[in-house]
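Here is a friendly walk through one protein chain, from its overall build down to a few individual side chains. Please keep the viewer open as you read.

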Amino acid sequence: MFTAPTRALALPVDLIALQQALLAADRAVGDFALAVRDRRRAAFPEPSQAVQRCTRAAGEETEFDRRWEAYVRAGAAVREHPVLVRARVLGVEAEALCALREAAARPVG
């Protein structure tokens, strides 16, 4: 099934789902980074504790890396999808990406 046609291509549901997964992975990275920042600020509030505030614990670093890798894999899956590869070849990648972002933002159903 295809939805969200662009001038040159139709965007398949699986590509839209990949874009939604990419957006979710992006949110997971950002949410985690903000949560760590907030915890570190609370734990080390003094101006003299700037280094401690900016240093992630080993577990935090591992979790951030895991989330970042998921984001990188999700981005690669979107970029490598045959429809976007074809869009690149046809010179309409920017238009296809705009349409993809719009389609991924719409509620499913």
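Buried residues make up 28% of the 109 residues in this predicted chain, where buried means under 20% relative accessible area, exposed over 50% and partly exposed in between, with a 1.4 Å probe and protein chains only. Because this is a predicted model, local features need pLDDT of at least 70 and side-chain atom pairs count only at pLDDT 80 or more, while totals for chains, interfaces and linings use all residues. Residues are numbered from 1 along each chain as its sequence is written, and side-chain values use heavy atoms, with hydrogens and water left out.

The chain holds 5 helices and 2 strands; these are DSSP runs, numbered from the N terminus, with helices (H or I) of at least four residues and strands (E) of at least two. Along the sequence the pattern reads β-β-α-α-α-α-α. The C-alpha trace spans about 55 × 30 × 20 Å along its principal axes. The radius of gyration is 19 Å, whereas a compact globule of 109 residues would have one near 13 Å; this radius is taken over C-alpha atoms, and the globule rule is 2.2 Å times the number of residues to the power 0.38. With contact meaning heavy atoms within 4.5 Å, 62% of the contacts between residues at least 6 apart in sequence join residues at least 24 apart.

Let us turn to the core. The largest nonpolar core has 17 residues, and those touching the most other members are L11, L15, I16, V78, L84, A87 and L100. A nonpolar core is a set of buried Ala, Val, Leu, Ile, Met, Phe, Trp, Tyr and Cys residues joined through side-chain atoms within 4.5 Å. Helices α1, α3, α4 and α5 each supply at least two residues of this core, and α5 gives the most, with 5 residues.

Which residues of α4 are buried? In this helix (residues 82-90), they include V83, L84 and A87. These three cover an arc of only 95° around the axis, which puts them on the same side of α4; the arc is that of the directions from the helix axis to the C-beta atoms. On the other side of α4, P82 and V89 are exposed. The cover over the buried residues of α4 includes β2 (11-12), α1, α3 and α5 (93-105). After α4 comes G91, with a positive phi near 80°.

Two polar side chains and an alanine are worth a look too. Q19 sits in helix α1 (residues 13-43) and is buried, with a relative accessible area of 6%. Leaving aside residues up to four places away in sequence, Q19 touches V78, L100, R101 and A104. H81 lies in the loop between α3 and α4 and is also buried, at 8% relative accessible area. With the same sequence neighbours up to four places away left out, H81 touches P12, D14, L15 and L18. A42, by contrast, is found in helix α1 and counts as exposed at 61% relative accessibility. The C-alpha atoms of A42 and R53 are separated by 8.7 Å, with the two residues 11 apart along the chain.

Now for the rings. Rings of Phe, Tyr and Trp (its six-membered ring) pair if their centres lie within 6.5 Å; planes under 30 degrees apart count as stacked, over 60 as edge-to-face and the rest as tilted. By this rule there are 2 aromatic pairs, set out below.

| Pair | Centre to centre | Angle between planes | Class |
|---|---|---|---|
| F64 and W68 | 6.3 Å | 10° | stacked |
| W68 and Y71 | 5.1 Å | 40° | tilted |

F64 and W68 both lie in helix α3 (residues 58-80), 4 residues apart, about one turn of the helix. W68 and Y71 are 3 residues apart in α3 and are likewise separated by about one helical turn. An α-helix has 3.6 residues a turn, so residues three or four places apart point the same way. F64, W68 and Y71 form one aromatic cluster. In this cluster F64 is buried at 16% relative accessible area, W68 is partly exposed at 38% and Y71 is partly exposed at 25%.

What lies over the face of F64? R56 does, at 4.3 Å from the ring centre. A charge sits over a ring if NZ of Lys or CZ of Arg is within 6 Å of the ring centre and within 35 degrees of the ring normal.
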